[in-house]
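User: I am new to this structure and would like to understand how its descriptions are justified. Please take me through the reasoning, setting each value against the rule behind it.

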Amino acid sequence: MSKGDNGAPIIIKRKKIIQAGGHHGGAWKVAYADFVTAMMAFFLLMWLLNATTEKQRKGIADYFSPTIPINRISGGDDGAFGGDSVFSQERMSRSGAGAILPMPQDQQREKGSDKGESANEGEEDLQRVAKEIDLSLAGNSGELMSSDQIARRVVTRLTDEGLIIEFFDLENEPLFAADTAEPEPILADIASMLTRVFSLVGNQVAVNGHVRAYPEVLRINPTWDLSAARAKAVRELLESDGFDRKRIQRVTGYADRKPAVPTQMSVRNNRIEVILLRKGR
């Protein structure tokens with residue numbers, strides 16, 4: 001053996017270098033995109049809830065509900081399926097699901113159409129009365145009354161309950177004597193006008209009394225008795241003018257529980273609401 005063979009062996013060490021924090025893929029981008037899409041859908045939903053009426057929201061809900069036939073009453077259009085859903089009764093029976101409604105769909109559609117026509121007719125009646133009231137307040141109906149004085153204190157609005165005719169106190173021009181249920185002469189003029197225009201339709205009527213708040217220091221708070229007494233006084237005025245007493249459904253006093261303006265002791269909260277109720281209410 002040669003002299004060189006007695007040397008130390010040569011060891012080669014290879015070091016494996018691992019880089020930290022390498023590429024992790026793009027999964028987070030997909031998750032972020034889903035989050036942004038969900039937020040956009042949420043804000044769109046909030047906008048729709050704020051910008052649409054109850055009837056429009058029902059139409060939108062029915063459109064996206066696969067089990068509700070879409071018709072001209074609740075939404076949709078008369079397109080390829082004639083206003084029917086692809087899951088309507090006739091198509092489900094063909095696929096083996098059977099008829100799920102006890103009444104044929106044609107009869108269902110006819111029934112819905114009758115309800116829609118009845119609702120439209122009722123709406124037209126209320127609008128006709130509202131228009132007649134506006135004509136009376138404008139002095140164009142031949143009424144012998146001070147329409148200017150009444151017009152300043154009467155407002156009308158259509159709601160789900162019916163046509164509300166609200167008349168209220170003005171500063172130094174009350175509808176009733178102070179803190180009593182004794183009507184002022186102008187209230188009799190308003191009752192006469194309402195009796196005349198209400199004769200155009202046969203809807204029932206409700207009378208609501210509201211009063212302003214009184215100081216808490218009073219030993220006896222008169223708001224409940226006073227609001228009810230004033231509503232009763234308006235009912236008596238209507239009946240004395242010839243209004244059919246059977247059409248008056250209810251007379252209610254709400255005390256100071258539903259103020260018209262934030263200042264609860266304002267005279268504006270002294271008011272009477274006569275409601276021409278929708279049929280079926």
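Analyst: Let us begin with a rule: a salt bridge is called when a side-chain nitrogen of Lys or Arg lies within 4 Å of a carboxyl oxygen of Asp or Glu. The model is a predicted one, and by this rule the count comes to 15 salt bridges.

User: What makes Arg-268 and Glu-166 a salt bridge?

Analyst: The side chains of Arg-268 and Glu-166 meet with N and O 2.8 Å apart, and since the rule asks for a nitrogen of Lys or Arg within 4 Å of a carboxyl oxygen of Asp or Glu, the pair qualifies. Arg-268 sits in the loop between strand E4 (248-253) and strand E5 (271-277), while Glu-166 belongs to strand E2 (residues 162-168), so the pair ties together parts that are 102 residues apart in sequence.

User: Why is Glu-166 called buried, and how is Arg-268 classed?

Analyst: Glu-166 has a relative accessible area of 4%, and because buried means under 20%, the word applies to this residue. Arg-268 stands at 22%, which places this residue in the partly exposed class, since that class lies between the 20% limit for buried and the 50% limit for exposed.

User: Which residues pair with Arg-235 in salt bridges?

Analyst: Glu-236 and Arg-235 meet at 4.0 Å, N to O, and Glu-239 forms a salt bridge with Arg-235 in which the closest N and O atoms are 3.1 Å apart. Glu-239 and Arg-235 are four residues apart in helix H7 (residues 223-240), so about one helical turn separates them. Glu-236, with a relative accessible area of 40%, and Glu-239, with 24%, are each partly exposed. Elsewhere, salt bridges that share partners join Arg-157, Glu-166, Arg-268, Arg-271 and Glu-273 into one network.

User: What makes E5 a mostly covered strand?

Analyst: Seven of the seven residues of E5 are buried, and both faces of the strand are covered. On one side are Arg-271, Glu-273, Ile-275 and Leu-277, and on the other are Ile-272, Val-274 and Leu-276.

User: How do you know that E5 is paired with E2 and E3?

Analyst: Two strands pair if at least two bridges are found between them. E2 and E5 are joined in the antiparallel sense over seven bridges, and six bridges join E3 to E5, again in the antiparallel sense, so both cases meet the requirement of at least two. In the first of these pairings, Gly-162 has Leu-277 of E5 as its bridge partner, and His-210 stands opposite Arg-271 in E5.

User: What surrounds Asn-203, and is this residue buried or exposed?

Analyst: Asn-203 lies in the loop between helix H6 (185-198) and E3 and has a relative accessible area of 4%, which is under 20%, so the residue is buried. A polar atom of the side chain of Asn-203 lies 2.8 Å from the backbone oxygen of Leu-277. Leaving out residues up to four places away in sequence, Asn-203 touches Leu-126, Arg-247, Leu-276, Leu-277, Arg-278 and Lys-279.

User: Which residues have the most contacts inside the largest nonpolar core?

Analyst: The largest nonpolar core has 33 residues, and those with the most contacts inside it are Ile-133, Phe-167, Leu-194, Phe-198 and Val-234. The elements giving two or more residues to this core are helix H4 (105-137), E2, H6, E3, H7 and E5, and the largest share, eight residues, comes from H6. Beyond its neighbours within four places in sequence, Val-234 is in contact with Phe-167, Phe-176, Leu-187, Val-207, Ile-272 and Val-274.

User: Where does the model have low confidence?

Analyst: The protein chain averages a pLDDT of 78, and 70% of the residues score at least 70. Among the elements, helix H3 (residues 89-94) has the lowest mean pLDDT, 43, and strand E3 (residues 205-210) the highest, 97. Over residues 70-102 the pLDDT is below 50, although this stretch has 49 contacts in the model beyond near neighbours in sequence. The pLDDT also stays under 50 over residues 140-145, for which the model has 11 contacts beyond four places in sequence. Where pLDDT is low, the predicted coordinates should not be read in detail.

Technical notes: Residues numbered from 1 in each chain as written. Predicted model: local features only at pLDDT ≥ 70, side-chain atom pairs only at ≥ 80, totals over all residues. Heavy atoms only, no water. Buried < 20%, exposed > 50% of the residue type's maximum accessible area, 1.4 Å probe, protein only. pLDDT = per-residue confidence, 0-100. Contact = heavy atoms within 4.5 Å. Polar contact = N/O pair within 3.5 Å; in protein donor to acceptor, adjacent residues only side chain to side chain. Core = buried A, V, L, I, M, F, W, Y, C linked by side-chain atoms within 4.5 Å.
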